[in-house]
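Hi,

Here is the structure I promised to pass on. Have a look at it first, and then read my notes underneath.

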Amino acid sequence: MKNPEDILFSIIVPVYNRPDEIADLVASLEAQTDGGFETVIVEDGSTVPCLDAEEMPDGILRVKGHETVRLRYYRKSNEGRSIARNYGMDRAGGDYFVFVDSDCILPPGYIAALRRSLVADPVDCFGGPDAAHESFSPTQKAINYAMTSFLTTGGIRGGKVSMEKFTPRTFNMGFSREVYECVGGFREMFSEDIDMSTRIRLAGFGIMLFPDAHVYHKRRGNLRKFWRQVHVFGMSRITLELLYPGSMKLVHWLPAVFTVGTVALVAGSFFCPWLLLPLGFYIVALWIGALVAERDLRISFLAVAASMVQLLGYGTGFIKAYFSKIILGKGRDIAEEIEIRKGKNEKL
């Protein structure tokens with residue numbers, strides 16, 4: 001492995017019609033205290049370009065007004081975020097590829113934290129947690145609590161205490177060029193980051209959480225969009241189980257159990273109101289946890305609503321996909337379907 005102090009990081013960002021978010025992300029990259037990185041932005045068929053740029057003979061778009069950062073900018077037809085990430089890796093020059101979403105903001109010491117962590121613990125694949133920036137809306141902060149609290153996700157998204165082995169997510173994930181050359185790129189599927197992390201682990205590479213290398217992740221702006229997102233997450237967990245039998249753990253079942261239990265308790269409360277007490281105690285625990293974490297009364301109430309959306313949205317998606325793909329057997333050809341999608345990547 002190359003000396004961590006000499007590593008060049010390639011920050012790879014797929015984007016689709018999010019010019020305002022990219023402006024915030026690029027501004028945070030310009031403020032980094034460690035300049036040992038390049039940024040590769042791949043515009044995946046956007047109808048609204050995210051940066052002001054002009055065509056150049058080398059195929060890279062020359063970006064105007066951002067000369068203080070090493071920036072590569074590409075535009076391509078819309079094929080999906082995974083193919084866009086692979087497109088970026090094929091053109092990146094770094095020793096490590098680091099992935100963040102277009103709706104992220106990086107703290108000024110993010111790159112420096114990655115380098116310090118690699119000096120202390122050289123590893124081929126890593127990830128970090130996410131947090132809510134002070135500029136985020138109350139709803140965004142509430143959703144962040146729902147996605148990061150041990151009471152809702154069991155800490156599996158980079159928490160200090162976790163019910164499952166840490167799995168990096170593409171809002172804050174990195175791996176070496178050697179990993180890419182051995183394992184290949186991302187598959188075009190939902191939960192492609194979990195799939196990628198699983199393949200990396202199965203190939204024998206080490207994966208580590210770098211708790212000091214956090215990002216600010218805006219996530220969805222309202223609870224309706226958040227429901228749709230977590231519902232898909234729940235469905236994709238079944239796809240991952242079909243691809244990797246035995247990979248599903250107890251923590252992945254909990255939202256489905258919560259969903260069934262909540263329906264049963266609410267239905268039973270018509271006959272015995274006391275049955276709602278366990279649900280009430282849990283809601284109070286969520287509220288207190290959010291109030292302690294955010295120190296804002298409004299956000300704590302929104303966090304309870306966001307947590308219910310997170311658990312019930314994921315749980316219903318999980319149940320729906322389990323019934324369809326496993327009980328009815330409609331997911332038996334999922335591996336073949338993924339391989340067909342993978343062929344699109346190999347044509348790049």
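Let me start with β2, which is covered on both faces: Phe37, Thr39, Ile41 and Glu43 lie on one side, Glu38, Val40, Val42 and Asp44 on the other, and all are buried. Before I go further, please keep in mind that this is a predicted model. With 8 of its 8 residues buried, β2 is largely enclosed by the rest of the structure. Since you will want the cut-off, buried here means under 20% relative accessible area.

**The bigger picture around β2**

The strand belongs to an open sheet of 7 strands, in the order β5-β2-β1-β6-β10-β8-β11, and the pairing is mixed. At the edges stand β5 (71-76) and β11 (207-209); each has a single partner strand, so one side of each is left without a neighbour in the sheet. On average, neighbouring strands of this sheet are turned by 20° against each other, if you ignore direction.

On one side, β2 pairs with β5 in the parallel sense over 6 bridges. If you want a residue pair to look at there, Val42 stands opposite Tyr74 in β5.

On the other pairing, β2 (residues 37-44) is joined to β1 by 7 bridges, and these two strands run parallel. To get from β1 to β2 the chain goes through helix α1 (residues 19-30), and this β-α-β crossover is right-handed. Two residue pairs to click on: Pro14 stands opposite Val42 in β2, and Val15 is opposite Glu43.

**β1**

What about β1 itself, and how many of its residues are buried? The count is 7 of 7 for residues 9-15, so β1 is largely enclosed by the rest of the structure too. Phe9, Ile11, Val13 and Val15 point one way from the strand, while Ser10, Ile12 and Pro14 point the other way. Besides its pairing with β2, β1 is joined by 4 bridges to β6 (residues 96-99), and the two run parallel. Phe9 stands opposite Tyr96 in that pairing.

**Further along the sheet, and the helices on it**

Strands β8 (residues 125-127) and β10 (residues 173-176) run antiparallel, with 3 bridges joining them. Cys125 in this pairing stands opposite Phe175 in β10. Helix α7 (residues 192-202) packs on the sheet and touches β8, β10 and β11; its direction makes about 35° with that of β10.

Helix α3 (residues 110-120) lies across β1, β2, β6 and β8, and runs at about 130° to β1. Because 8 of its 11 residues are buried, α3 is largely enclosed by the rest of the structure. Those buried residues are Tyr110, Ile111, Ala112, Ala113, Leu114, Arg115, Ser117 and Leu118. They pack against β1, β2, β6, β8 and β12.

**A second sheet**

That last strand, β12, sits in an open sheet of 3 strands with the order β7-β12-β9 and mixed pairing. Its edge strands are β7 (104-105) and β9 (130-131), each of which pairs on one side only. Between β7 and β12 (residues 215-217) there are 2 bridges, in the antiparallel sense. Ile105 stands opposite Tyr216 there.

**Two helices that cross**

Two packed helices are described by the angle between their axes and the distance between the axes. For α8 (residues 223-243) and α11 (residues 297-327), the axes come within 7 Å and cross at roughly 35°. The crossing of α8 past α11 is right-handed. The residues of this contact divide into 17 nonpolar, 7 polar and 3 charged.

One residue to look up in α11 is Leu312. Is Leu312 buried or partly exposed? Its relative accessibility is 23%, so Leu312 counts as partly exposed. Leaving aside neighbours within four places in sequence, Leu312 is in contact with Trp227, Phe258 and Thr259. His231 is 81 residues away from Leu312 in sequence, yet the C-alpha to C-alpha distance is 8.2 Å.

**And a loop residue**

Finally, there is Ser269, in the loop between α9 (250-268) and α10 (277-294). At 14% relative accessibility, Ser269 counts as buried. Beyond neighbours within four places in sequence, Ser269 is in contact with Leu275 and Leu276.

Cheers

Technical notes:
Residues are numbered from 1 along each chain as its sequence is written. This is a predicted model: local features need pLDDT of at least 70, side-chain atom pairs count only at pLDDT 80 or more; totals for chains, interfaces and linings use all residues. Side-chain values use heavy atoms; hydrogens and water are left out. Buried means under 20% relative accessible area, exposed over 50%, partly exposed in between (1.4 Å probe, protein chains only). Two strands pair if DSSP finds at least two bridges between them. A crossover is right-handed if, with the strands pointing away from the viewer, the path from the first strand over the helix to the second runs clockwise. Axes are lines fitted to C-alpha atoms, for helices over the stretch in contact, and angles run from 0 to 180 degrees between N-to-C directions. A crossing is left-handed if the near helix is turned anticlockwise from the far one by less than a right angle, and right-handed if clockwise. Ala, Val, Leu, Ile, Met, Phe, Trp, Tyr, Cys and Pro count as nonpolar, Asp, Glu, Lys and Arg as charged, and the others, Gly among them, as polar. Contact means heavy atoms within 4.5 Å.
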